[in-house]
Amino acid sequence: MSEHQHRPTPAQIRAGRALLDWSQQELAGYSGIGRRTVAAYENGGDRVMPTSVVAMKEALERAGIRFSGEDEPEGVHRVLR
């Protein structure tokens, strides 16, 4: 992940899933990664590959989730379409 791209925290990934009412399995499917990887990251797994975090972030963003952080308060919100 580039230094200019915000990396969502495990809590933000959990919150994004909750806003969409997605299970870990659903996020894994939409991200193209394993459910265990989703669970590991959500549980604070610092050994999850950055590409997997990007895949989760992008899947949630495609579904309307927006993440804030870095220069603003950390948060998650859903953009209604």
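1. Let me start with a charged pair in this predicted model: the side chains of lysine 57 and glutamate 61 form a salt bridge, at 3.0 Å from N to O. Both residues sit in helix H4, and because they are 4 residues apart, about one helical turn separates them. Their surroundings are worth a look: lysine 57 counts as buried, at 8% relative accessibility, while glutamate 61 is partly exposed, with a relative accessible area of 23%.

2. How many salt bridges does the structure hold? There are 2. The other pairing to look at joins the side chains of glutamate 42 and arginine 17, with 2.6 Å from N to O. Glutamate 42 belongs to helix H3 and arginine 17 to helix H1, so this pair ties together parts that lie 25 residues apart in sequence. Glutamate 42 is buried, with a relative accessible area of 4%, and arginine 17 is buried too, at 13%. As general background, side chains of opposite charge can pair when their charged atoms come close.

3. Now for helix H3 itself, which spans residues 35-42. Its buried residues are Val38, Ala39, Tyr41 and Glu42. Viewed down the axis of H3, these residues fall within an arc of 165 degrees, so they line one face of the helix. What covers them includes helix H1 (10-20), H2 and helix H4 (50-62). After H3 comes glycine 44, with a positive phi near 90 degrees.

4. Helix H2 (residues 24-31) invites a similar reading. Which of its residues are buried? They are Leu27, Ala28 and Ser31. These residues cover an arc of only 100 degrees around the axis, which puts them on the same side of H2. On the other side of H2, Gln25 and Gly29 are exposed. The buried residues of H2 pack against H1, H3 and H4. Glycine 32 follows H2, and its phi is positive, near 75 degrees.

5. The largest nonpolar core has 16 residues. Within this core, Ile13, Leu27, Val38, Tyr41, Met56 and Leu60 touch the most other members. H1, H2, H3, H4 and strand E1 (65-68) each supply at least two of the core residues. The largest share, 5 residues, comes from H4. In soluble globular proteins, nonpolar side chains tend to be buried together.

6. If you would like one residue to click on, try leucine 27. Leaving aside neighbours within four places in sequence, leucine 27 is in contact with Ile13, Arg17, Trp22, Val38, Met56, Ala59 and Leu60. Among these contacts, Arg17 is also the salt-bridge partner of glutamate 42.

7. On annotation, UniProt's unreviewed entry places the feature "domain: HTH cro/C1-type" at residues 13-44. In the model, that span is 75% helix and 0% strand. The C-alpha atoms at its two ends lie 11 Å apart.

8. Finally, a word on confidence. The protein chain averages a pLDDT of 90, and 93% of the residues score at least 70. Where is confidence highest, and where is it lowest? The highest value belongs to helix H2, at 98, and the lowest to strand E2 (residues 75-78), at a mean of 90. As a general caution, where pLDDT is low, the predicted coordinates should not be read in detail.

Conventions. Residues are numbered from 1 along each chain as its sequence is written. This is a predicted model: local features need pLDDT of at least 70, side-chain atom pairs count only at pLDDT 80 or more; totals for chains, interfaces and linings use all residues. Side-chain values use heavy atoms; hydrogens and water are left out. UniProt positions are given in the numbering used here, feature names are shortened, and annotations may be inferred rather than shown by experiment. pLDDT is the predictor's confidence in each residue, from 0 to 100. Buried means under 20% relative accessible area, exposed over 50%, partly exposed in between (1.4 Å probe, protein chains only). The arc is that of the directions from the helix axis to the C-beta atoms. Contact means heavy atoms within 4.5 Å. A nonpolar core is a set of buried Ala, Val, Leu, Ile, Met, Phe, Trp, Tyr and Cys residues joined through side-chain atoms within 4.5 Å. A salt bridge is a side-chain nitrogen of Lys or Arg within 4 Å of a carboxyl oxygen of Asp or Glu.
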